[in-house]
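Trainee: I would like to go through this structure with you before I set up any calculations. May I start with some short questions?

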Amino acid sequence: MKKIFQIIFLLGVIATSNNLSAQYKISEMVVMKPGILTKGISYDDTLQKVISVLGKPVKIENVYYRIEQTYGKICYYNNSKIYILHGKVLCFEISDNSLAFGKKNKFQITIGDQIQNEGQKKSKSKKEVERIGDFIDTDIVKDEGTSRDVNYTSYISSEYFLDDNDKRYDTVLFEILLNENKVVSIFLGEPV
C-alpha cells in the first residue's frame with residue numbers, strides 16, 4: 001500500500017508540473033539502487049558520483065554523440081543506461097530492475113510497478129485520461145505507441161524542470177511509459 005501511495009504521489013507531482021506549468025527541481029529526480037533511498041544520482045552529476053552511488057557498471061561503452069560532435073560514455077547497469085557527456089550525466093534510461101527512480105529519502109519506483117488508476121474522463125484531444133488517487137491533475141494519457149523502441153499503452157510526460165538556481169532547463173525531457181498499467185520504462189534527460 002505504501003508503494004502505491006508513493007507512485008500516486010510521484011505521478012501527482014510530475015503531472016501537476018506538466019498540466020499546471022509548475023516547476024520541479026531536477027536535482028530532486030534521482031536514480032537509486034532499488035531499496036536504497038538515501039543516495040541517488042541526477043541530471044548533470046559527475047561520472048565519479050554515478051560510480052560511487054550506483055557501483056561499478058556492468059559495462060562502460062565509448063560512444064559518439066552526433067549532435068554534440070564529441071565522444072561520451074554509456075554506463076550499463078544490466079539493460080538500464082546512464083549517458084555521460086563531458087563527464088556529467090546527460091540522461092538516464094531505466095528499463096529493468098537494476099535501478100530505481102524517485103526522490104531521495106522519500107520514495108522510489110521500479111520497472112514492473114503497478115499503477116493504480118481511479119476514475120476516467122475524456123480529454124479535449126479525445127484521448128482517454130485516467131485520474132490517479134487524490135491528485136486530480138495527474139494524467140496518464142492512454143495512447144498506444146513506441147518510444148525509444150519500447151511499446152506502451154499509456155504514458156506520463158513532463159518537460160518543466162528547474163536547476164537549483166531556479167533556471168529552467170529547456171531541453172530536458174521526462175517520461176514514464178506504461179504497458180497495461182505497469183511501468184516499463186523511465187527516461188529523464190536530454191534526447192540522445
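Trainee: What does the protein average in pLDDT?
Mentor: This is a predicted model, and the protein averages a pLDDT of 78. A score of at least 70 is reached by 74% of the residues.

Trainee: Where does the pLDDT stay under 50?
Mentor: One such stretch is residues 4-22, for which the model has 50 contacts beyond four places in sequence. Residues 118-138 also have a pLDDT below 50, and that stretch has 52 contacts in the model beyond near neighbours in sequence. Where pLDDT is low, the predicted coordinates should not be read in detail.

Trainee: Let us turn to the interior. How many residues has the largest nonpolar core?
Mentor: This core has 32 residues, and Leu54, Ile82, Ile186 and Leu188 have the most contacts inside it.

Trainee: Which elements each supply at least two residues of it?
Mentor: They are α2 (47-54), β4 (70-77), β5 (80-85), β6 (88-94), β15 (173-179) and β16 (182-189). The most comes from α2, with 4 residues.

Trainee: And what is Leu54 in contact with?
Mentor: Beyond its neighbours within four places in sequence, Leu54 contacts Val31, Met32, Lys33, Ile41, Tyr77, Ile82 and Leu99. There is also a second, separate core of 9 residues, which includes Val63, Tyr65, Tyr83 and Phe187.

Trainee: On to Ser42: is it buried or exposed?
Mentor: Ser42 counts as buried because its relative accessibility is 3%, under the 20% cut-off. Ser42 sits in the loop between β2 (30-32) and α2.

Trainee: What does its side chain reach?
Mentor: The Ser42 side chain reaches the backbone oxygen of Met29 at 3.0 Å. Leaving out residues up to four places away in sequence, Ser42 touches Ile26, Ser27, Met29, Val30 and Val89.

Trainee: How many disulfides does the structure hold?
Mentor: The structure holds 0 disulfides. Cys75 is buried, with a relative accessible area of 0%, and Cys91 also counts as buried, at 0% relative accessibility.

Trainee: One more topic, the strands. In which sense do β2 and β7 pair?
Mentor: The pairing of β2 with β7 (residues 100-103) is antiparallel, over 3 bridges. Val31 stands opposite Phe101 in β7.

Trainee: What joins β7 to β8?
Mentor: Strands β7 and β8 (residues 107-109) run antiparallel and are joined by 3 bridges. Gly102 has Gln108 in β8 as its bridge partner. The hairpin of β7 and β8 has 3 residues between the strands, and Asn105 takes a positive phi near 65° there.

Note on methods
Residues are numbered from 1 along each chain as its sequence is written. This is a predicted model: local features need pLDDT of at least 70, side-chain atom pairs count only at pLDDT 80 or more; totals for chains, interfaces and linings use all residues. Side-chain values use heavy atoms; hydrogens and water are left out. pLDDT is the predictor's confidence in each residue, from 0 to 100. Contact means heavy atoms within 4.5 Å. A nonpolar core is a set of buried Ala, Val, Leu, Ile, Met, Phe, Trp, Tyr and Cys residues joined through side-chain atoms within 4.5 Å. Buried means under 20% relative accessible area, exposed over 50%, partly exposed in between (1.4 Å probe, protein chains only). A polar contact is a pair of N or O atoms within 3.5 Å; within protein, one must be able to donate a hydrogen and the other to accept it, and residues adjacent in sequence count only if both atoms are side-chain atoms. A disulfide is a pair of cysteine sulfur atoms within 2.5 Å. Two strands pair if DSSP finds at least two bridges between them.
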